[in-house]
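Reader: Please take a close look at one residue of this structure, then work outward from there to the pairs of charged side chains and the pocket. A plain account will do.

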Amino acid sequence: MASPVSPINPYTPLSAVPSSSPSPKSLSPLSNYLGRFSKWRAELGLPNPGSVENLQKEVKATHLTNYAFDGGRADLTKSMSMSPLFQVTHSFALGSQTMAPSYNFGAIYATENVFLQGGVDHDGNVSARVNQGWANGHVSKAQAQLSQTPGHNLLQLEQDYSGQDFNVNLKAVNPWPSDLTGIFVGSYLQSLTKNFACGTEMVFQRPTPSTAELVATYLAKYTSSDKSWIATAQLQPAGILQATYWHKLSEKVDFAADLQLVATPMRRDAVATLGAKFDLRLSTFRAQLDSTGKVSALLEQRFTPTFAFLMSGEIDHLKNSAKVGVGVMIESSALSPEEMEMQMQQMQMQQMQMQQSLSSPP
């Protein structure tokens, strides 16, 4: 015979009444496993691999592809303050074989967590960039461009997160919420050892509601134990491979190599580029040679802390053509001489710290 169920005493506390909801103890095994996994990852001491965007940062800083120019160029910069940083720049360019004469006015405002940059040129094209740093490695970025030329307007929204041993980045270019068109990019880079990291980048293009394309890129990065050399590789299943190698030969000499292979049904091509950078006391010299027959060089000579002279040259042996560029960079400041000296000391200390971080073991 079943025993009668005892009624609940109305004076019994509610906490003493049995509940049918799962207790926290029932979730303790999962919490323990997650805690052990997090502790195990922390004990490995894996470094942050950096973002996919900066995967080839050292190679791009050594090669002069992003620094070369032709014609005449002048950059006039004035610093209003250092904390927070606020400066304006007037840029002039003329005589180029590939670009029309132009003028651009730009301004930069930066604090510890905020970076603002804006510019406008003589045609009325406006560009703006905003970077906002948050706690725990979160950085929100936005970039916009308003152009007088149809089809050249741009809106880019980006969210970047740097974890202890990984990096996640999400990006949307010209998104349109009503029909979900635009370009959407997602990347993930994970450190597997203290020297090796790999990841992937997915690019989803949807120019129209009825057209969509997904392109995947697989990434790998190997850094030596003393961080004196870095090798990277990017592979697309369609038949595109890019491999880079950067080596810091000394405190003043960097060497970089870049190889791009294209093996698709429509195109088969390969381009190899070798470059070197020499950092002297008051000058920086870059030299570059590629397999297409181009030889280029760039010299930045700083005579005083506020005046620099630039000379760029390129010779294309296969096309029998040459380009020459001459430029000046002039800086003026509303700061006192003592503040200018302190600014130079801070810049020198930052450069020394960057060099030590590149040469010291992880």
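Author: H152 counts as partly exposed, because its relative accessibility is 46% and that class takes in the values between 20% and 50%. The model is a predicted one, and the values that follow are computed from it. As to its place, H152 sits in a loop, with β6 (138-146) on one side and β7 (154-162) on the other. If neighbours within four places in sequence are set aside, Q145 and S147 are in contact with H152. N125 can serve as a further reference point: 27 residues separate N125 from H152 along the chain, and their C-alpha atoms are 9.8 Å apart.

The chain around this loop can be described in a few totals. There are three helices and 19 strands in the protein chain. Of its 362 residues, 25% are buried. The accessible surface is about 23,500 Å², and carbon and sulfur atoms hold 62% of that surface. Among the contacts with a separation of 6 or more, 31% are between residues 24 or more positions apart.

Next come the charged pairs. The count of salt bridges is six. One of them joins the side chains of R73 and D75, with 3.1 Å from N to O. The two partners fall into separate classes of exposure: D75 is buried because its relative accessible area is 10%, under the 20% limit, whereas R73, at 29%, is partly exposed.

Another salt bridge links the side chains of R267 and D269, and here the N to O distance is 3.3 Å. R267 has a relative accessible area of 47%, so it is classed as partly exposed. D269 is also partly exposed, with a relative accessibility of 33%.

E300 and R302 form a further side-chain pair, with 3.9 Å between N and O; the cut-off for a salt bridge is 4 Å, so the pair is counted. E300 is partly exposed at 26% relative accessibility. R302 has a relative accessible area of 22%, which means that it too is partly exposed, since buried requires a value under 20%.

Beyond these pairs there is a network of salt bridges, whose members are K248, D254, K277 and D279.

The last item is the second largest pocket. Its volume is about 820 Å³. A helix and several strands each give two or more residues to the lining: α2 (57-62), β12 (229-236), β13 (240-248), β14 (253-264), β15 (267-279), β16 (283-290), β17 (294-304) and β18 (307-316). The largest share is that of β14, which supplies four residues.

In all, 37 residues line this pocket, and those nearest its centre are T65, N66, D258, Q260 and Q288. Sorted by type, the lining holds 16 polar residues, 13 nonpolar ones and eight charged ones.

To return to the starting point, H152 is a partly exposed residue in the loop between β6 and β7, in contact with Q145 and S147 once its neighbours within four places in sequence are left aside.

How values were computed. Residues are numbered from 1 along each chain as its sequence is written. This is a predicted model: local features need pLDDT of at least 70, side-chain atom pairs count only at pLDDT 80 or more; totals for chains, interfaces and linings use all residues. Side-chain values use heavy atoms; hydrogens and water are left out. Buried means under 20% relative accessible area, exposed over 50%, partly exposed in between (1.4 Å probe, protein chains only). Contact means heavy atoms within 4.5 Å. Accessible areas come from the Shrake-Rupley method with a 1.4 Å probe; for residues, only the protein chains shown count as cover. On a 1 Å grid over the protein atoms alone, a cavity is a set of points where a 1.4 Å probe fits but cannot get out, and a pocket is an open set with protein on both sides within 12 Å along at least five of seven lines; lining residues have an atom within 4 Å of a point. Grid points are joined across faces, edges and corners, and a volume is the space filled by probe spheres set on the points. Ala, Val, Leu, Ile, Met, Phe, Trp, Tyr, Cys and Pro count as nonpolar, Asp, Glu, Lys and Arg as charged, and the others, Gly among them, as polar.
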